[in-house]
Amino acid sequence: MMKDQYANYVVQKILDTCTDIQRAMLLNRIRTHVNALKKYTYGKHIVARCEQQYGEGNAFQFANSAYLKLNIVSLYIVNWMS
């Protein structure tokens, strides 16, 4: 998707409209590919949108903290159900 001229718009729109948990999961996935994304014209748009919305470097810190909270909540639910 990072090489497709229209896919970056889809990813940007998803970031705008998804829930915080979904956004954290997506940002966590994007974070692992930031260096590759920066090499492509359309991938740069995705990284720029993340940095624009959350501040440079803060987007991926948000992803880490939200993803950690998601894992804690998941563990709590699993323990509660058993």
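The exercises below, each with a worked solution, deal with the helices of a predicted model.

**Exercise 1. The overall layout**

Task: Work out how many helices and strands the protein chain has, and in which order its elements run.

Solution: Begin by counting the elements, which gives five helices and zero strands in the protein chain. Next, follow the chain from the N terminus, and the elements run α-α-α-α-α. Finally, turn to burial, and you find that buried residues make up 27% of the 82 residues in the protein chain.

**Exercise 2. The two sides of α1**

Task: Find which residues of helix α1 are buried, and which are exposed on the other side.

Solution: Helix α1 covers residues 7–17, and within this stretch A7, N8, V11, Q12 and L15 are buried. Looking down the axis of α1, these buried residues fall within an arc of 140°, so they line one face of the helix. On the other side of α1, the residues Y9, K13 and T17 are exposed.

**Exercise 3. The length and the sides of α4**

Task: Compare the reach of helix α4 with the expected value, and then decide where its buried residues lie around the axis.

Solution: Helix α4, made of residues 41–54, has 14 residues, and from its first C-alpha to its last it reaches 21 Å, which is close to the 20 Å expected at 1.5 Å a residue. Among the residues of α4, G43, I46, V47 and C50 are buried. These four cover an arc of only 90° around the axis, and therefore they sit on the same side of α4. On the other side of α4, T41 and Q52 are exposed. Just after the helix comes G55, which takes a positive phi of about 90°.

**Exercise 4. How α1 and α2 pack against α4**

Task: Describe how α1 is placed relative to α4, and then how α2 is placed relative to α4.

Solution: Two packed helices are described by the angle between their axes and the distance between the axes. For the pair α1 and α4, the axes come within 9 Å and cross at roughly 20°. Because angles under 35 degrees count as roughly parallel, α1 is roughly parallel to α4. The crossing of α1 and α4 is right-handed. For the second pair, helix α2, made of residues 20–31, packs with α4 at an angle of about 130°, and their axes are 12 Å apart. This angle makes α2 oblique to α4, and the crossing of α2 and α4 is left-handed.

**Exercise 5. Residues separated along the chain**

Task: For K3 and G43, and for L27 and V47, compare the separation in sequence with the distance in space.

Solution: K3 lies in the segment before α1, and its relative accessibility of 56% means that K3 counts as exposed. Although K3 and G43 are 40 residues apart in sequence, their C-alpha atoms are 6.8 Å apart in space. L27, in turn, is found in helix α2, and it counts as buried because its relative accessibility is 0%. L27 and V47 are 20 residues apart along the chain, and their C-alpha atoms are separated by 9.7 Å.

**Exercise 6. Cysteines and disulfides**

Task: Decide whether C18 is buried or exposed, do likewise for C50, and state how many disulfides the structure holds.

Solution: Residues under 20% relative accessible area count as buried. C18 has 11% relative accessibility, so C18 counts as buried. C50, with a relative accessible area of 0%, is buried too. A disulfide is a covalent bond between the sulfur atoms of two cysteines, and the structure holds zero disulfides.

Conventions
Residues numbered from 1 in each chain as written. Predicted model: local features only at pLDDT ≥ 70, side-chain atom pairs only at ≥ 80, totals over all residues. Heavy atoms only, no water. Disulfide = S-S within 2.5 Å. Buried < 20%, exposed > 50% of the residue type's maximum accessible area, 1.4 Å probe, protein only. Helix = DSSP H or I, 4+ residues; strand = E, 2+ residues; numbered from the N terminus. Expected span 1.5 Å × (residues − 1). Arc of directions from axis to C-beta. Axes fitted to C-alpha atoms, helices over the stretch in contact; angles between N-to-C directions. Parallel < 35°, antiparallel > 145°, perpendicular 65-115°, else oblique. Left-handed = near helix turned anticlockwise from the far one by under 90°.
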